[in-house]
Amino acid sequence: MALASTAKVILGSFSFCIFWVLAVFPAVPFLPIGRTAGSLLGAMLMVVFGVLSPDQAYAAIDLPILGLLFGTMVVSAFLEQADMFQYLGQLLAWKSRGGKDLLFRVCLISAFSSALFTNDTVCVVLTEFVLKIARRNNLPAQPFLLALASSANIGSSATPIGNPQNLVIAVRSGISFGAFLKGIVGAMLVGVLINAAILLGYFWKVLSVETKDIEAASVIPEELEIENGVISHRFSPATMSHQTSFTSQDLDVALSTTGVTSIGDVSLRSRHGTNETELEPSAAGAISSTGEPIVLVDGMTSRPSLRPNGSMQRVIDVEESVPEVKEVSGGRWKRIAWKVSVYLVTLGMLVALLMGLNLSWTAITAAMVLVVIDFKDAQQCLEKVSYSLLIFFCGMFITVDGFNRTGIPSAMWDLVEPYSQINTAGGVAILSLMVLVLSNIASNVPTVLLLGTRVATSAAKISPSEVTKAWLILAFVSTVAGNLSLLGSAANLIVCEQARRAQVSGYNLSFYSHLRFGVPSTLVVTTVGLLLVTIT
């Protein structure tokens, strides 16, 4: 493709540079508007400067990719509500045998879950779990945060739904879910093991110190609330929340802050007409030092009361809140049935994808089935969808298409194409090195958008059978490239920000601490993984 007119080349390059600066440095001092607004600004400039017409800009938006992103985000939101990620967090601590074992578990769990639920989602919901477990066992946070982010990136390379760049590659290449998985899963598994070995070797001494019993330090929610007869566990900042039936054990926990040591110290009264349910207590510790009612939440108070024998007891008044035993049991089984339904629908979606059904409509169908099964207003669930990410992709599609029309990417590719043929080891090495560098400079999704079609076209000139291999090489290398530096992947930044903002166990993962581990890990994993991808 020849270069466009000088005006289009200059204006298109300027628009792309604006997009790139704000995508890589969203809080740049001279224009701190963020990534999403930056992508829209780049898209708008492409149209205003005449690099693209309005119709061309709309046509550049890839709706199948947006549909796949939307569907997977809705499914992930329901999996959060169904406690899937809480169970993954608990699995980290179950019968663990020390720091090294825990680190290896973080690597495996983050890798496999990222292949199914996207790396960004896994990093959002597991970062705080990992921090809490490390803190409660007097272990340093750094190796576990690095393990979470790097393994999530490597694991996400195995499937089309593992990360955004794989979504782009799967949709544009037409490679089925099964073929994609078969082509990369071997390299992913070996890569995760190599990455774990490097982490263990790097942090062997600090993980060898004596720790507390890890299983006993299972993650406990920071906030415990009683509201309308229900215990709510809120996980912040991962925004995980679920509700379980109100039981006497739950009430024990809630009352521990009021001076009442157990449910045995209280009488429980439900103000539904004249019905009363009383638990015979011992009076010890039943009354607060002030003797005044203690309000737990709206509609629920604890107060002193006189027994018929003249002794004092603590009464919990619950207005319109404590259901009858049958209602509690029924609600519990209803929730279990709902959670099982969510897991079955998700499993069905994965099976459908493996069967080769349309990626985006399969994800959207699974999302809508879950909305219907939930049988209530879907606003709360839909609010968890990252619409800013969808808008960012829209702007990015337009901006990258405009930059492609300037002819600059094609001219640059023409220079390196003769040396980047994938039928030779040297060609694969040069292509991989270029993808590694561009993914850390321009980010991996724009790199895939810029190089994908060109790499596939070049491979088709060698042999039609080489086209799939070219796409898979691009998918694996652009994903693993995210481990090179802190800025190489959105998952890295999520872990860094989540760790820094954690209320109790905050930790600042620096650029240098990530880089000195990321460079050797990325180079070794990429080299070994490419050998497996190219011979598959």
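This report describes a predicted model of a protein, moving from the whole chain to a few of its helices and single residues.

**The model as a whole**

The protein has 536 residues, of which 52% count as buried, and it contains 21 helices and 7 strands. Its exposed surface comes to about 23600 Å², and carbon and sulfur atoms supply 65% of that area. If one takes the contacts in the protein with a separation of 6 or more, 72% of them join residues that are 24 or more positions apart.

Because the model is predicted, the confidence of the predictor should be read alongside the coordinates. The average pLDDT of the protein is 78, and 76% of the residues score at least 70. Over residues 212-301, however, the pLDDT is below 50, although this stretch has 207 contacts in the model beyond near neighbours in sequence. The pLDDT is also below 50 over residues 316-325, a stretch that has 33 contacts of this kind in the model.

**Helix α10 and its residue V192**

Helix α10 covers residues 177-202, and because each residue should add 1.5 Å, its 26 residues are expected to span 38 Å, which agrees with the 35 Å between its end C-alpha atoms. The helix is bent by about 40° at I184.

V192 is a residue of this helix, and it counts as buried because its relative accessibility is 4%, where the cut-off is under 20%. What does V192 touch, not counting residues up to four places away in sequence? Its partners are C107, L108, A111, I154 and G155. The C-alpha atom of V192 is also separated by 9.6 Å from that of A147, a residue 45 residues apart from it along the chain.

**Helix α9 and its residue Q165**

Helix α9, residues 164-173, is largely enclosed by the rest of the structure, because 7 of its 10 residues are buried. These buried residues are P164, Q165, N166, L167, V168, I169 and A170. The helix is followed by G174, which has a positive phi near 80°.

Q165 lies in α9 and is buried, with a relative accessible area of 3%. Leaving aside neighbours within four places in sequence, Q165 is in contact with N444, V445, V448, S478 and T479. The C-alpha atoms of Q165 and S443 are separated by 9.8 Å, while the two residues are 278 residues apart along the chain.

**Aromatic rings and helices α15 and α16**

The structure holds 8 aromatic pairs. One of them joins F393 and F397, whose ring centres are 5.8 Å apart and whose planes stand at 70°, so this pair is edge-to-face, the term used for angles over 60 degrees. Both residues lie in helix α15, residues 387-405, where they are 4 residues apart, about one turn of the helix. In general, an α-helix has 3.6 residues a turn, so residues three or four places apart point the same way. F393 and F397 are both buried, and ring pairs link them with F16, F19, F392 and F403 into a cluster.

Helix α16, residues 408-416, has the buried residues I408, P409, S410 and W413. The buried residues of α16 pack against α15, and they also pack against α1 (6-24), α17 (425-441) and α18 (444-462).

**Two loop residues with a positive phi**

Most residues other than glycine have a negative phi. Two residues that are not glycine but have a positive phi are set side by side below.

| Residue and phi | Loop | Relative accessibility |
|---|---|---|
| T118, about 75° | between α6 (99-117) and α7 (119-136) | 14% |
| F375, about 60° | between α13 (359-374) and α14 (379-382) | 76% |

Is each of these residues buried or exposed? T118 is buried, because its relative accessible area of 14% is under 20%, whereas F375 counts as exposed, because its value of 76% is over 50%.

Definitions and conventions:
Residues numbered from 1 in each chain as written. Predicted model: local features only at pLDDT ≥ 70, side-chain atom pairs only at ≥ 80, totals over all residues. Heavy atoms only, no water. pLDDT = per-residue confidence, 0-100. Contact = heavy atoms within 4.5 Å. Helix = DSSP H or I, 4+ residues; strand = E, 2+ residues; numbered from the N terminus. Buried < 20%, exposed > 50% of the residue type's maximum accessible area, 1.4 Å probe, protein only. Areas by Shrake-Rupley, 256 points an atom, 1.4 Å probe, with all protein chains shown as cover. Expected span 1.5 Å × (residues − 1). Bend = angle between axes of the 7 residues up to and from the residue. Phe/Tyr/Trp six-rings, centres within 6.5 Å; stacked < 30°, edge-to-face > 60°.
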